[in-house]
Amino acid sequence: MRNIGRTVQSSIYRDGVFGRRPVVPTDPDALAESARRRMTRTGWSYVAGGAGAQRTVDANREAFGRYRIVPRQMVDVGERSLATTLLGRDLPAPVLFAPVGALELAVQHQLGRGGRQAAPRNAEPALARAARDLGLPVVISTQASTPMEDTAAALGDSPRWFQLYWSSDDALVESFVSRAEASGCEAIVVTLDTHVLGWRTRDLDLGYLPFARAEGIAQYLSDPVFQQLVEARVRAAGSAGSGTGGSGTAGSETTSSRPTVAAVRSLLSMARHHPGPTWRNLTQPYARAAVETFLDVFSRSTLTWTDLAWLRERTTLPILVKGIQHPDDARAALDHGANGIIVSNHGGRQIDNAIASLDALAPVADAVRAHGGTGTGPDAGTAGVPVLFDSGIRTGADVFTALALGADAVLLGRPWVYGLALAGADGVRAVTEHVLAELDLTMALAGVSATEQVGRHNLAL
């Protein structure tokens, strides 16, 4: 992507001569506000919300204002490139699409295409089309609305990774990893910071968890090991003569003798998402049993670093750990088989009043470099252990700042989801192009012609 900033900028201004505006707003606040107005209330709360009083979400954003970029003059930047290499793969830019669970929530408002029933097939497939056009990697979520095989087919030859939530059932973990390998994924990203859900006040105030309605559990519903767990649950319940049983979160109200309208809608959502005809799923116990089984096996809070070595033995793919905020955790991850680090606080969704992820980046990058290297930049070592960053990236200037503080690449999250909500694949593509264009122009104005030249010398530290 050479000189993409000038290309995208000129295209927008040329269209403006004919009265055409950008597909989505270029200003990050306007982008978010436009998406908020379009999305369902539950969808917006789930995507945009954070933990507690939203202080970590705010901290992630505010942190970028504390690291100021220093403009430089009279440097030949006539030819610029965003290209980089990550885990041996040449990429057009140091940007990946972050994993986002229950992505169908971003498109449920698009009633003209079938609304909630059509949402899953307009979620990950639309992202895949945009990513394929841009050549940037997608990190496929465990909590996706589309099975990974379908997303992989839509991606074609475009790069993809798989993000793993570590289930309490190790056989299910192995199955997910095996499927990811078969789907052409080039790395496994283990998310460490969500072994319990954070106190997400916006979702709590709405009493809304998408997974309890079978939204965002397509990887599970399509998995043979999970299907065996569901079958065993139904058989056990039949033997006990007590319905589907389980946690009660999905089943207690829906099996009431006087179901509410909300309960009926939840049952219908479960039936629509479960494989097979909706009417059959309404009359059989499997859809509800699947939700209850998911709620039982979703996460595991007993994991320690030794478990990472267990996973290392079961895949030849590179393993990156996501959720690192402390240098000691980065060192421990590398000691137990990790091939890369992702500095992240889950976009502020897990702990309220936590440190900004950006403030954790430089110390973690330094620890990894001292341990053995972080990649190819001027602040990097030589062992090729990448450090990636997410949580708070909204603009190209943000990407530049993260690269300067030691990231080899960043994961873009909420902004592209807002683009998806506003204009489908075109919206995802436009948001990403805007970010890349601003990164390119920021590099030019900071006297930098290639991403590997970006370092802490570009910041007023």
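This passage describes the salt bridges, nonpolar cores, one helix and two backbone features of a predicted model.

Charged pairs are a good place to begin, as the structure holds 24 salt bridges. One of them joins the side chains of Asp170 and Arg300, with an N to O distance of 3.2 Å. Asp170 belongs to helix α8 (residues 170–182), while Arg300 sits in the loop between α14 (286–297) and α15 (305–312), so this pair ties together parts that are 130 residues apart in sequence. The two partners differ in their surroundings: Asp170 is partly exposed, with a relative accessible area of 29%, whereas Arg300, at 18%, counts as buried. Arg300 also meets the side chain of Asp307 in a salt bridge, here at 3.3 Å from N to O. Asp307 counts as buried too, because its relative accessibility of 15% falls under the 20% limit. Arg300 thus takes part in salt bridges with both Asp170 and Asp307.

Elsewhere, salt bridges link Asp29, Arg61 and Arg394 in a network. A more local example is the pair Asp366 and Arg369, whose side chains form a salt bridge with an N to O distance of 2.2 Å. Both residues lie in helix α17 (residues 357–371), where a separation of 3 residues amounts to about one turn of the helix. Asp366 is partly exposed, at 28% relative accessible area, and Arg369 is likewise partly exposed, at 27%.

Helix α17 rewards a closer look. With 15 residues at 1.5 Å a residue, α17 should span 21 Å, and its end C-alpha atoms are indeed 21 Å apart, so the expected and modelled spans agree. While Asp366 and Arg369 are partly exposed, other positions of this helix are buried: Ser357, Leu358, Ala360, Leu361, Ala362, Val364, Ala365, Ala367 and Val368. The cover over these buried residues includes the helices α4 (55–63), α16 (327–335) and α18 (396–404), together with the strands β7 (319–324), β8 (340–343) and β9 (387–389).

Attention now turns to the nonpolar interior. In soluble globular proteins, nonpolar side chains tend to be buried together. In this model, the largest nonpolar core has 121 residues, and within that core Ile341 and Trp416 touch the most other members. Helix α19 (residues 414–445) gives the most to this core, contributing 15 residues. Leaving aside residues up to four places away in sequence, Trp416 touches Phe97, Ala98, Val100, Leu103, Leu127, Val428, Val431 and Thr432. Apart from the largest core lies another one, of 13 residues, with Leu86, Trp161, Leu320 and Leu388 among them.

Finally, two asparagines deserve a glance at the backbone. Asn3 has a phi near 50 degrees, which is a positive value in a residue other than glycine. Asn3 is found in the segment before α1 (4–17) and, with 17% relative accessibility, counts as buried. Asn353 also has a positive phi, near 65 degrees, and is again a residue other than glycine. Asn353 is placed in the loop between β8 and α17. In contrast to the buried Asn3, Asn353 is exposed, with a relative accessible area of 53%.

How values were computed:
Residues are numbered from 1 along each chain as its sequence is written. This is a predicted model: local features need pLDDT of at least 70, side-chain atom pairs count only at pLDDT 80 or more; totals for chains, interfaces and linings use all residues. Side-chain values use heavy atoms; hydrogens and water are left out. A salt bridge is a side-chain nitrogen of Lys or Arg within 4 Å of a carboxyl oxygen of Asp or Glu. Helices (H or I, at least four residues) and strands (E, at least two) are DSSP runs, numbered from the N terminus. Buried means under 20% relative accessible area, exposed over 50%, partly exposed in between (1.4 Å probe, protein chains only). A nonpolar core is a set of buried Ala, Val, Leu, Ile, Met, Phe, Trp, Tyr and Cys residues joined through side-chain atoms within 4.5 Å. Contact means heavy atoms within 4.5 Å. The expected span of a helix is 1.5 Å times one less than its number of residues.
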